[in-house]
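Work through the exercises below with the model open in your viewer. Each one is followed by a worked solution.

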Amino acid sequence: AQPQGRRGRLNPGGAVPVVVMPVTREAMPVVVDAVGTVQSIASVQIKPRMDSQIMKVNVEEGALVKEGDILFELDARTLKAQLGQIEAQIRKDQAQVMQARRDLQRNEELLSKNAGTQVQRDNANTALKAAEAQLDADEASKASVQTLLTYTEIRAPVSGRIGSISNKAGAVVRTGDNSATSTLATINQIDPIYVSFAIPQIILPDLRAAMAKGPVKVTAVIDDSKKQSGEMAFIENTVDPNTGTVTAKARIGNANELLWPGQFVKVEIVLGIESDALSVPASAVQLGSQGPFVFVIKEGVADLRQVVVKRTQDGRAVIGKGVESGEQVVVDGQLRLVQGASVTIRPPTVDPNRPASPPRG
């Protein structure tokens, strides 16, 4: 019986034409693949902090806002009137404090000349302290109203994209309203952004070791032409016992807004670089009943080799054992080969580093 379940006579049609490529030693990154979800680092619901009426909306739905931008303006007329009243009361208090100090000074002078009494002096001192206390109370009232006035200008707490705006100018908003309309809008931080993904627990030690050495590069891949790179930011402090995976997050710059919250992306985590890795084109590796194998060509004859594939990335298979550097492996024409078959080498017609398309049945 022929290996790997192949049948037929040896070389039924003479030498088999094949395309070969050499086994090479090169620096290959150690990459772990995962599926991730894009998440905002901060997602803030904008709600009113006082009962009022919206006077002005200063932002369009879906707009990019910066931290501190005024998004909504509420009715501030009553608070401004209260502030004016308190400021007038403060000026009155200040005048009364000045008068009380003069009265105290005169009573102390009279007491020193034995023309006044200790009671008069104490009464003047008490009147001064009462005036100063009233001034402090009115200053506190002013600070309280000024704080409430800041609530009438609803500002963006973070920079990001604002979503739908449920309330427009003229709408009345209330702090105790628990309905959906109580949220004026939601801001999602877009740049930078998180990509959350789960990795098998067996990889966790290697990932932690790589992070201990320095920043670990993570790339979010939408397609071959759309990639965004960042660094590992966070590993969850427990493994999910139901799945045997641990959640991790990467922090990725997103100034071009290529990544969007809720989006699914492929994630590539680079744990390090294997400086002297044996690699072959991924199309050279075949899968048989005994595991992966390749055909090595020596002196025009095919030699079937069982190999250990450590990983496959970027169209290259990193081989743990089974071949040596410089040997020629078949990357096209394997389906007609058996152990010991005679071959003739032809030039490649396609890029051998690209994965071969599956055969059509």
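This is a predicted model.

**Exercise 1. Locate E299, and decide whether it is buried, partly exposed or exposed.**

Solution.
- Step 1: place the residue. E299 sits in the loop that links β17 (291–298) to β18 (301–306).
- Step 2: check the backbone. Phi of E299 is positive, about 55°, although the residue is not a glycine.
- Step 3: classify. The relative accessible area of E299 is 83%, and exposed means over 50%, so E299 is exposed.

**Exercise 2. Find where E257 lies, and classify its accessibility.**

Solution.
- Step 1: E257 belongs to the loop between β14 (245–252) and β15.
- Step 2: phi of E257 is near 55°, a positive value in a residue other than glycine.
- Step 3: relative accessibility is 22% for E257. Partly exposed covers the range between under 20% and over 50%, so E257 counts as partly exposed.

**Exercise 3. What is the geometry of the peptide bond from D191 to P192?**

Solution.
- Step 1: read omega. The value for the bond from D191 to P192 is near -5°.
- Step 2: assign. The bond is cis.
- Step 3: place it. P192 is in the loop between β10 and β11.

**Exercise 4. Give the strand order of the open sheet that contains β4, and explain what is left without a neighbour at its edges.**

Solution.
- Step 1: recall how sheets form. Strands of a sheet pair through backbone hydrogen bonds, either parallel or antiparallel.
- Step 2: write the order. Four strands run β7-β6-β4-β9 in an open sheet, with antiparallel pairing.
- Step 3: take the edges. β7 (153–155) and β9 (172–173) each have a single partner strand, so one side of each has no neighbour in the sheet.
- Step 4: check one pair. β4 (residues 52–57) pairs with β9 over two bridges, in the antiparallel sense. S52 has V173 in β9 as its bridge partner.

**Exercise 5. In the open sheet that holds β10, which are the edge strands?**

Solution.
- Step 1: the order is β3-β10-β8-β5, four strands with antiparallel pairing.
- Step 2: β3 (43–46) and β5 (64–65) are the edge strands, as each pairs on one side only.
- Step 3: inspect one pair. β3 and β10 run antiparallel and are joined by four bridges. Opposite S43 stands N188 in β10.

**Exercise 6. Describe the largest nonpolar core, then follow the contacts of L184.**

Solution.
- Step 1: count. The largest nonpolar core has 33 residues.
- Step 2: name its best-connected members. I46, L71, F72, L184 and I187 have the most contacts inside this core.
- Step 3: list the contributors. β6 (70–74), α1 (77–112), α2 (118–151) and β10 (185–188) each supply at least two of its residues.
- Step 4: trace L184. Beyond its neighbours within four places in sequence, L184 contacts residues including I46, P48, I54, F72, I154 and I165.
- Step 5: look elsewhere. A second, separate core has 25 residues, A210, V246, V267 and L271 among them.

**Exercise 7. Is I165 buried or exposed, and what is it in contact with?**

Solution.
- Step 1: place it. I165 lies in the loop between β8 (160–162) and β9.
- Step 2: classify. Relative accessibility is 5%, and buried means under 20%, so I165 is buried.
- Step 3: list contacts. Leaving aside neighbours within four places in sequence, I165 touches V57, V59, E60, E61, F72, L184 and A185.
- Step 4: take one distance. I165 and T183 are 18 residues apart along the chain, and 8.5 Å separates their C-alpha atoms.

**Exercise 8. Which residues line the largest cavity, and how do they divide by class?**

Solution.
- Step 1: the whole structure has one cavity of 30 Å³ or more. The volume of the largest cavity is about 30 Å³.
- Step 2: its lining is V32, F197, I199, I203, L207, I269 and L271.
- Step 3: the division is seven nonpolar, no polar and no charged.
- Step 4: β11 (193–200) and β15 each give at least two residues to this lining.

**Exercise 9. Characterise the second largest pocket by volume and lining.**

Solution.
- Step 1: the volume is about 380 Å³.
- Step 2: 17 residues line this pocket, and K266, E268, Q313, D314 and G315 are the closest to its centre.
- Step 3: β2 (24–39), β12 (217–223), β15 (264–281) and β19 (308–313) each give two or more lining residues.
- Step 4: by class, the lining has six nonpolar, four polar and seven charged residues.

Key: Residues numbered from 1 in each chain as written. Predicted model: local features only at pLDDT ≥ 70, side-chain atom pairs only at ≥ 80, totals over all residues. Heavy atoms only, no water. Core = buried A, V, L, I, M, F, W, Y, C linked by side-chain atoms within 4.5 Å. Buried < 20%, exposed > 50% of the residue type's maximum accessible area, 1.4 Å probe, protein only. Contact = heavy atoms within 4.5 Å. Pairing = 2+ DSSP bridges. 1 Å grid on protein atoms, 1.4 Å probe; cavity = no way out; pocket = protein on both sides within 12 Å on 5 of 7 lines; lining within 4 Å. Points joined across faces, edges and corners; volume = space filled by probe spheres on them. Nonpolar A, V, L, I, M, F, W, Y, C, P; charged D, E, K, R; others polar.
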